[in-house]
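Me: I would like a close look at a single part of this model, taken slowly and with its surroundings in view. Please keep to what can be read from the structure itself.

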Amino acid sequence: MPIRHGKVALSNGFDSVAEELKRMRTPKRERPRWGFIVLILTITAICLGLGTWQMARLHEKEVLIARIADRAQLPATPLPKAAEWVGFDPEVWDFRHTGVTGSFRHDQTILVFTALSQPRGRQQGPGYWVMAPLVMEDGGIVWVNRGFIPVGLKQNFADGGPDGDGMVTIAGILRRPEQSGMFTPGIERADRIDYVRDPERFARISDKTLTPVLPAYLDQDAGAEGALPQGGETVFDLPNRHFEYALTWYGLALASLGMLGVWVFARRKG
């Protein structure tokens, strides 16, 4: 009997081992990892949203480019009198040809740092826009961007340069003020240097009697070849790569869905 019981116990032991081996060889069915699925779907939704936003920006940019092109073809329009500047809308006048007559206050010149990369004239690279207030015949003040100078000529034009005083007529393109951001440096009052072309900022360090000020500035047309400041540098061709950006975001959305599909297929096959 002991031997018999031993054989039974041994048989049961082999059966247990066989069942354990069979269990170990059977593929485990893992629970779905919902966190990973939700993450991929969230990334896909974000990419789709950014692609759609870029398509909206594309439409806005195309409308703006068309408006600029239309305004550039219009004949010069005289500015309203200074007494009529209340409610003046720079957006309506942006990129319009106009002309002004008055006298410069060269002693109030402000240099705006820039880097000219696609010049129409000879000069380019780091330098400054020479901004000077023009006192119009009716007393209004129009800030005029007389043009670009290389950084090495800063001292030559800090007080306006060699141009004398007297009545002048300036033709050019009216531009809305540039917007400053949270990373825009402040005005360097001692050297009268700024970093955006904005008449409102200029007023902070200018003669307080220079009022009223037009809430826009005039980009002066180009002068004689090689003359400084180098005018005529208004940029009409705005960059427009929003369609490329939209395709990139949509492509990333498609790729994330493809990755999720491959992952699900591999788990089901396993």
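Which residues line the largest cavity?

Reply: The model is a predicted one, and the count of cavities of 30 Å³ or more comes to one, with a volume of about 50 Å³ for the largest cavity. Its lining is formed by Trp129, Asn145, Gly147, Arg197, Asp219, Gln220, Gln230, Gly231, Gly232, Glu233 and Thr234, and the elements that contribute two or more residues to that lining are S4 and S7. By character, the lining residues divide into one nonpolar, seven polar and three charged; Trp, for instance, counts as nonpolar, whereas Gly is placed among the polar residues.

The strands S4 (141–150) and S7 (213–220) also take part in the largest nonpolar core, to which each supplies at least two residues, as do S1 (96–104), S3 (125–136) and S5 (167–175). That core has 17 residues, and those with the most contacts inside it are Leu79, Val100, Val142, Leu174 and Leu214. In soluble globular proteins, nonpolar side chains tend to be buried together. Leu174 gives a detailed view of these surroundings: leaving aside residues up to four places away in sequence, Leu174 touches Leu79, Phe88, Trp93, Asp94, Phe95, Arg96, Thr98, Leu214, Ala216, Tyr217 and Leu218. Tyr217, one of these contacts of Leu174, belongs to a second, separate core of 13 residues, which also includes Ile110, Leu116 and Phe148.

Key: Residues numbered from 1 in each chain as written. Predicted model: local features only at pLDDT ≥ 70, side-chain atom pairs only at ≥ 80, totals over all residues. Heavy atoms only, no water. Core = buried A, V, L, I, M, F, W, Y, C linked by side-chain atoms within 4.5 Å. Buried < 20%, exposed > 50% of the residue type's maximum accessible area, 1.4 Å probe, protein only. Helix = DSSP H or I, 4+ residues; strand = E, 2+ residues; numbered from the N terminus. Contact = heavy atoms within 4.5 Å. 1 Å grid on protein atoms, 1.4 Å probe; cavity = no way out; pocket = protein on both sides within 12 Å on 5 of 7 lines; lining within 4 Å. Points joined across faces, edges and corners; volume = space filled by probe spheres on them.
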